[in-house]
Every structure is written in C-alpha cells, then in structure tokens.
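Open the model in your viewer and show side chains as sticks. The tour follows aromatic rings and what lies around them.

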Amino acid sequence: MTIAPDHIAGTAAEPLPLADVNLADLDNFADGSTPWRMFHTLRHEDPVHWQEEPAPNSGFWAVTRHADIARVDRDAETFTSTKFTNLEEVDEDQIKKRASILELDGVRHRAMRSLLQRQFGAKVINSYADFLRGLTTKTLDAALAKGSFDFVKEVSADFPINVLARLLDVPPEDNQQLIDWGNRIIGNTDPDYADVLLESEESEKYRDLPFRSPASLEVFEYGRELARRRRGGDGTDLVSRLVNQTPRDGVPLSAQDFDNYFLLLVVAGNETTRHTITHSMLALLQHPEQLARLQEDPSLVPTAVEEFLRWASPVYHFRRTATRDVELGGKHIKEGDKVVMWYASGNRDEAVFTNPYDFDVTRADNDHVTFGKGSPHLCLGNLLARTEIRIMFEELIPRISSIRLTGEVPRVRSNFVNGIKKLPVEVTVA
Ligand code: HEM
C-alpha cells in the first residue's frame with residue numbers, strides 16, 4: 001500500500017496558518033502530520049506562543065525553539081516542576097497527593113533521584129546486555145515467524161514491559177497486566193485506552209490520583225504488595241532499592257512517596273520506548289534507502305538510535321510553571337504562568353539540525369531534546385531506553401529481507417504522548 005507522508009515531507013512546504021494552530025485541541029494530534037505543521041509555524045512565526053485552553057484550564061506558553069526549550073529546562077529556579085508537569089491544573093492538595101520525583105525540585109528531588117541513579121547508570125545497564133539480547137531474539141523470532149503481524153503488539157509493546165518486569169523482578173505472567181495499566185494511565189485522553197477520559201466529568205472522582213486514572217489504584221496495590229515482600233530483604237531490584245534505603249536528605253519515603261515513585265517507574269519507560277521503536281520501524285519502512293544503509297553497515301546503529309529518538313519524539317512536551325515574571329523569546333511571562341516545552345518541535349529546529357525533516361541514520365552531532373535538555377529531570381531511564389532500542393535494531397535489521405506496510409497506522413489521541421497504536425506489516429526474513 002502507499003504510505004501517507006508522515007512527519008512531514010510536506011510540512012515545510014505546507015505549514016499550518018498561525019490562526020489554525022491549536023496545541024490544546026487533541027484532534028490535531030490524531031494524524032501524523034498536523035502536529036509537525038503546527039510546530040513549524042510556531043517556530044517561524046511565534047516561537048513563544050500564548051495558547052488558549054478550554055476551561056477550566058487557563059492557557060499556556062508554548063515554547064517551540066530548541067534554544068528556548070534548553071533555557072527553560074536548565075533553569076529550575078525560574079521554571080519550577082513543583083506546580084505540576086502536565087497541562088492539567090491541579091490545586092496544592094492534589095499536588096501533595098500526586099507528586100512523584102517529576103514534581104520535585106532542589107535537594108529533595110536530588111535525594112529521591114539518587115535512590116535509583118546507580119540502577120540506571122552505565123555499569124548496571126551494561127550488565128543487562130545479554131539479557132536484553134536474549135529477550136530481543138525471543139521477541140523477534142516469535143513475531144517474524146508469523147510473517148504478517150502487528151509490529152506494535154508483537155514487537156514494540158512486549159519488549160519494554162519484559163525489561164520492566166526484570167527491573168522489578170516480577171514474573172512474566174504479569175506483563176499483560178503491566179501493559180494494560182500503562183495504556184489506561186498514559187492513554188487517558190484516548191477513548192480506545194482510557195476507562196475514564198481525562199476531560200470527562202467522571203474523572204473528578206479520581207482527581208487525587210496520578211493521571212486521574214482509576215488504574216493508578218491498581219498499580220498502587222500491586223506496588224505495595226511488592227514492597228511488603230521486599231522490605232528488609234537484600235534484593236537489588238528497583239522496589240527493594242526504594243524500600244530499603246533512606247534518601248540522602250535523611251527524610252524517609254512516605255507510603256505515598258513510594259506509591260507515586262513506583263507508578264512513575266511502571267508508566268515512564270514503557271509507552272515511550274514502545275513508541276520510539278514503532279516510529280523507528282515506520283521511518284525505516286518509509287525510507288528504504290536508510291534501512292539499506294544500516295543493513296550494509298551495522299556499525300551505524302548507535303548513531304541511528306539518536307536519529308530514531310529525534311525522529312520519534314515520543315513525548316511531545318513537559319510543563320513548567322514560572323516562579324517570577326520573566327522575558328522569554330520577547331514575551332513577558334508572568335509568575336504562575338504555565339510554560340510548556342515542546343520537545344518534538346525542538347527536534348525539528350532548523351537552527352540546530354541541518355535538513356531537520358530528513359530522516360538520516362548517519363546524522364552526526366544529533367543534539368535532540370527527546371529526554372530533556374540540561375534539566376535536573378533529564379530522563380533517568382535514558383541509557384536504558386537507548387540500550388533497548390539499539391539492541392532491538394541490531395537484532396532486527398539483519399533479519400529483514402523485505403518489509404511492507406499492510407494497513408492503516410492509527411495514532412494515540414494525545415498531545416502528550418506521540419504514539420502509534422498499530423503498525424501492520426508483512427516481513428520476509430533474510
Ligand atoms: C524513549 C524513551 C523515553 C523517553 C522519550 C523519555 C522521556 C523523558 C523525559 C522528557 C523526561 C523529563 C521530564 C521532565 O523534565 O519533567 C523523563 C523523565 C523520567 N524518565 Fe524517561 N523517557 C524514556 C524512557 C524511560 C525509561 C525506560 C525509564 C525507566 C524505566 C524512564 C524513567 C524516567 C524517570 C524516573 C523520570 C523522572 C526523572 C526525574 O524527575 O528526575 N524513562 N523521561
């Protein structure tokens with residue numbers, strides 16, 4: 001089948017008029033090109049743009065240039081995470097109940113982050129290489145044997161969940177449950193995934209839960225049971241590390257700190273890594289000459305991984321809140337305003353990337369902002385994600401003789417996660 005131009009071949013030629021740009025309208029995120037057309041217009045015409053939002057929200061500043069994103073992300077004193085990091089506006093009471101390390105700044109943030117820093121550092125992650133390669137081989141052998149299959153279901157979705165199960169030291173039988181929770185929680189604006197939609201009245205009942213999702217309660221229960229079993233033991237899994245250490249500021253984790261930390265671990269790495277793998281596969285399908293280059297020279301894969309991450313931009317944005325009046329991009333931002341870094345837009349900034357709409361697996365000096373930029377919150381799992389993606393494509397590329405798309409590629413309805421729900425393919429094995 002023919003593939004609709006995705007991520008833009010057309011964007012530069014066909015940017016959306018500024019008057020039609022609306023980053024708060026989720027319908028604009030249902031296809032693979034409108035978001036990129038909006039970002040293009042904003043970077044060129046109004047790089048720090050005031051975006052109105054439907055009530056009860058009060059609007060936000062959309063920061064779309066690479067340099068401005070870096071400025072916001074580096075300056076946690078002016079642009080705090082403690083007022084919440086998604087677009088949803090929450091009161092102080094909700095913040096207290098829902099805050100994870102994403103919503104902390106300063107000493108407490110560093111202390112909480114350092115509890116798991118080593119587990120996500122090079123030494124530990126490199127020690128997973130054999131496990132990851134074994135898992136990848138198993139996943140690919142099962143999928144490729146089918147010939148025709150949904151790449152999301154058979155390859156991208158299971159893989160990061162299996163890794164998470166290993167990090168948490170839980171049995172593989174729990175994987176499907178972990179996938180469903182992730183979908184229901186992160187997909188809270190997509191009716192195909194969420195049981196309670198974020199914008200629905202019913203979600204009021206769940207206002208004190210992460211992502212206003214009732215699935216959060218199930219994740220808490222699951223995490224608490226693990227914590228009960230691991231407390232006082234000598235395990236090296238993430239839960240054992242959380243329950244058997246005191247943060248270096250001396251303030252122990254409360255039950256609620258543990259719940260929210262655990263939930264973040266369950267949701268942070270799965271959707272994001274899954275969608276990156278899917279977007280990368282789609283990009284290789286759309287650019288067969290790039291796939292051929294990787295087949296000819298597999299040593300390019302680590303360089304390609306950075307391009308995959310730039311291209312995929314699986315997290316559209318994170319939010320900060322101004323702690324004082326400040327100028328940014330010639331705009332006057334007031335204390336209390338929401339300031340939203342659109343990483344996906346930064347990843348197509350012509351000031352930083354030569355031919356940003358070219359998918360180029362040999363791109364050097366790829367300064368993408370997919371994991372954040374100079375932030376104290378820079379993705380804790382970035383090395384793990386990079387390693388997973390690298391090993392996946394090191395194993396996948398040599399196995400493919402030919403691959404073609406056999407159906408539609410539906411998107412997640414979200415302006416937070418840039419997700420693909422299905423990628424139907426037919427593969428001939430090399
Ligand atoms: C391609 C995959 C991934 C992407 C694009 C991604 C993206 C991000 C971004 C942009 C942030 C910064 C949020 C902010 O500044 O407010 C972040 C934070 C975080 N990520 Fe990732 N992530 C990915 C994979 C993972 C994985 C595999 C894990 C671990 C299982 C993980 C765990 C975390 C955690 C715990 C934080 C919070 C760090 C902090 O607040 O100090 N992520 N991620």
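Select R348 and W311: the charged end of R348 sits over the ring of W311, 4.6 Å from its centre. Here a charge sits over a ring if NZ of Lys or CZ of Arg is within 6 Å of the ring centre and within 35 degrees of the ring normal. Now add W36, since the charged end of R348 also sits over the ring of W36, 4.1 Å from its centre.

This is a predicted model, in which local features need pLDDT of at least 70 and side-chain atom pairs count only at pLDDT 80 or more, while totals for chains, interfaces and linings use all residues. Residues are numbered from 1 along each chain as its sequence is written, and side-chain values use heavy atoms, with hydrogens and water left out.

Stay on W36 and extend the selection to F29, F39, F60, Y316 and W342; together with W36 they form one aromatic cluster.

A search of the whole structure finds 15 aromatic pairs. Rings of Phe, Tyr and Trp (its six-membered ring) pair if their centres lie within 6.5 Å; planes under 30 degrees apart count as stacked, over 60 as edge-to-face and the rest as tilted. Select W50 and W61, an edge-to-face pair with 5.1 Å centre to centre and 70° between the planes. W50 lies in strand β1 (residues 48–51) and W61 in strand β2 (residues 60–63), 11 residues apart; strands (E, at least two residues) and helices (H or I, at least four) are DSSP runs, numbered from the N terminus.
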